[in-house]
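Biologist: I should like to learn how the features of a structure are read. Please take me through them one at a time.

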Amino acid sequence: MSRRPVPVVVVAGYLGAGKSTLLNHLLSGATGARIGVVVNDFGAVNIDALLVAGAGGSGAVQTVSLSNGCVCCTVDDDELEDVLGALAARELDVIVVEASGLAEPAAMVRRVVLAEDPRIDYGGLVYVADAAHLHDTLRRHPSLRHHLALADLVVLNKIDLAADADAVHATVREHAPSVPIVRTVEAALPTELLVDPEVLAERAAERERAPRQLTLDEALRAEEQHDHDSHEHAHLHDGYAAVDVQTGPLDARRAADLLCDPPPGVFRVKGFVTVADGTRLEVHTVGRHVRTALERGRRSGEPSVLVFLGIDLNEADIRARVEACAGTAESAADTAAVLSLLRFSTAAQEDSAITEL
């Protein structure tokens with residue numbers, strides 16, 4: 001039985017923003033989820049890659065060795081798809097690519113989106129910004145404004161060191177009007193944004209059932225909890241939320257518009273859409289990147305079920321947006337409307353006849 005493609009999350013940001021700190025936090029807080037790591041950097045010796053590899057002693061981190069001798073890193077962009085494919089073959093839950101602080105995120109995202117390996121799928125661009133120095137950095141490097149606009153999620157890190165946190169937040173919002181923004185201290189990003197909560201719960205249950213020694217990631221979590229209790233850090237990512245919506249058949253064209261332009265704060269959407277003519281599709285989105293597939297078995301009559309994950313979500317607005325997509329007798333008769341959603345499927349993109357429609 002074929003497995004779902006492994007999401008590949010690109011983590012980018014200017015030098016010193018906190019990308020490696022975010023990655024190490026993810027590795028220590030993923031509750032046993034199987035995570036693949038690729039660190040893309042310049043230079044013969046990649047210190048960040050070695051630090052990240054050192055945090056993965058529990059076996060949760062899958063590593064690869066490349067021709068330059070580095071662990072879990074690549075300095076040659078041409079190798080990226082091969083590395084991602086090799087990691088995806090190891091039954092991972094997510095792959096994280098940490099881009100160099102000097103890298104162009106658009107090029108990295110393009111390589112993942114256009115990758116031909118069916119075992120991997122684009123999981124979003126997480127852009128880490130240094131809140132304490134963002135204004136100065138943008139003045140010195142105006143092109144970084146485009147990086148913010150490209151992001152699917154902005155991590156406003158070092159918010160505790162910012163002179164005016166709200167002003168920095170407003171600056172990000174100016175360049176990325178609808179992107180979810182999470183404020184963090186030491187890049188403590190909610191793991192659930194990148195790894196499905198069901199996966200985390202399943203891995204935790206597996207570990208509880210098996211007798212074993214304390215793993216390194218559990219030790220790291222215990223240490224982080226101790227530090228948290230000692231310093232009384234604010235829960236800056238309490239804005240994380242998941243909104244579940246179950247409803248009847250939806251108008252395919254309106255549902256496609258909703259997925260392409262999700263409500264404010266939404267980073268990911270997953271679930272099933274039953275369209276008005278009875279067709280049922282599985283849907284996944286990250287930012288504005290949409291992927292759909294006909295549900296196995298093609299069951300009809302099942303409700304539409306969507307889960308919206310993000311930061312500071314307006315539940316009432318999300319429910320209203322979904323209800324506004326309700327199917328009608330007219331949309332049920334529009335048998336071509338399903339192509340509005342099928343055009344996001346891999347099969348449809350490979351079928352030139354459907355793509356042209």
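**Salt bridges, cores and cavities**

Modeller: A salt bridge joins the side chains of Arg253 and Asp334, with 3.0 Å from N to O. The two residues lie 81 places apart in the chain, Arg253 in helix H10 (residues 252-260) and Asp334 in the loop between helix H12 (329-333) and helix H13 (339-342). Helices (H or I, at least four residues) and strands (E, at least two) are DSSP runs, numbered from the N terminus. This is a predicted model, in which local features need pLDDT of at least 70 and side-chain atom pairs count only at pLDDT 80 or more, while totals for chains, interfaces and linings use all residues. Residues are numbered from 1 along each chain as its sequence is written, and side-chain values use heavy atoms, with hydrogens and water left out.

Biologist: What is a salt bridge, and how many does the count come to?

Modeller: Side chains of opposite charge can pair when their charged atoms come close. The rule asks for a side-chain nitrogen of Lys or Arg within 4 Å of a carboxyl oxygen of Asp or Glu. By this rule there are nine salt bridges. One of them pairs Asp166 with Arg183 at 2.9 Å, N to O. Asp166 belongs to helix H7 (residues 165-175) and Arg183 to strand E8 (residues 181-183), 17 residues apart. A further bridge, at 3.5 Å from N to O, joins Asp261 and Arg288. Asp261 is in the loop between H10 and strand E10 (266-274) and Arg288 in the loop between strand E11 (280-286) and strand E12 (289-294), so this pair ties together parts 27 residues apart in sequence.

Biologist: Is Asp166 buried or exposed?

Modeller: The terms rest on relative accessible area: buried is under 20%, exposed is over 50%, and partly exposed is in between (1.4 Å probe, protein chains only). Asp166 has 53%, so Asp166 is exposed. Its partner Arg183, at 24%, counts as partly exposed. Arg253 is partly exposed at 39%, as is Asp334 at 27%.

Biologist: Which residues touch the most other members of the largest nonpolar core?

Modeller: A nonpolar core is a set of buried Ala, Val, Leu, Ile, Met, Phe, Trp, Tyr and Cys residues joined through side-chain atoms within 4.5 Å. The largest has 69 residues, and Leu84, Ile95, Val126, Leu156 and Leu194 touch the most other members. Strand E6 (residues 120-130) gives the largest share, seven residues. A second, separate core has 26 residues, including Ala256, Val275, Leu313 and Phe344.

Biologist: What does Leu156 touch?

Modeller: Contact means heavy atoms within 4.5 Å. Not counting residues up to four places away in sequence, Leu156 touches ten partners' worth of chain, among them Ala129, Val168, Ile181 and Arg183.Biologist: How many cavities of 30 Å³ or more does the structure hold?

Modeller: Rolling a probe the size of a water molecule over the atoms shows where empty space is left. On a 1 Å grid over the protein atoms alone, a cavity is a set of points where a 1.4 Å probe fits but cannot get out, and lining residues have an atom within 4 Å of a point. Grid points are joined across faces, edges and corners, and a volume is the space filled by probe spheres set on the points. The structure holds two such cavities of 30 Å³ or more. The largest has a volume of about 40 Å³, and its lining includes Gly13, Tyr127 and His147. The second largest, of about 30 Å³, has Asp334 among its lining residues.

Note on methods: On a 1 Å grid over the protein atoms alone, a cavity is a set of points where a 1.4 Å probe fits but cannot get out, and a pocket is an open set with protein on both sides within 12 Å along at least five of seven lines; lining residues have an atom within 4 Å of a point.
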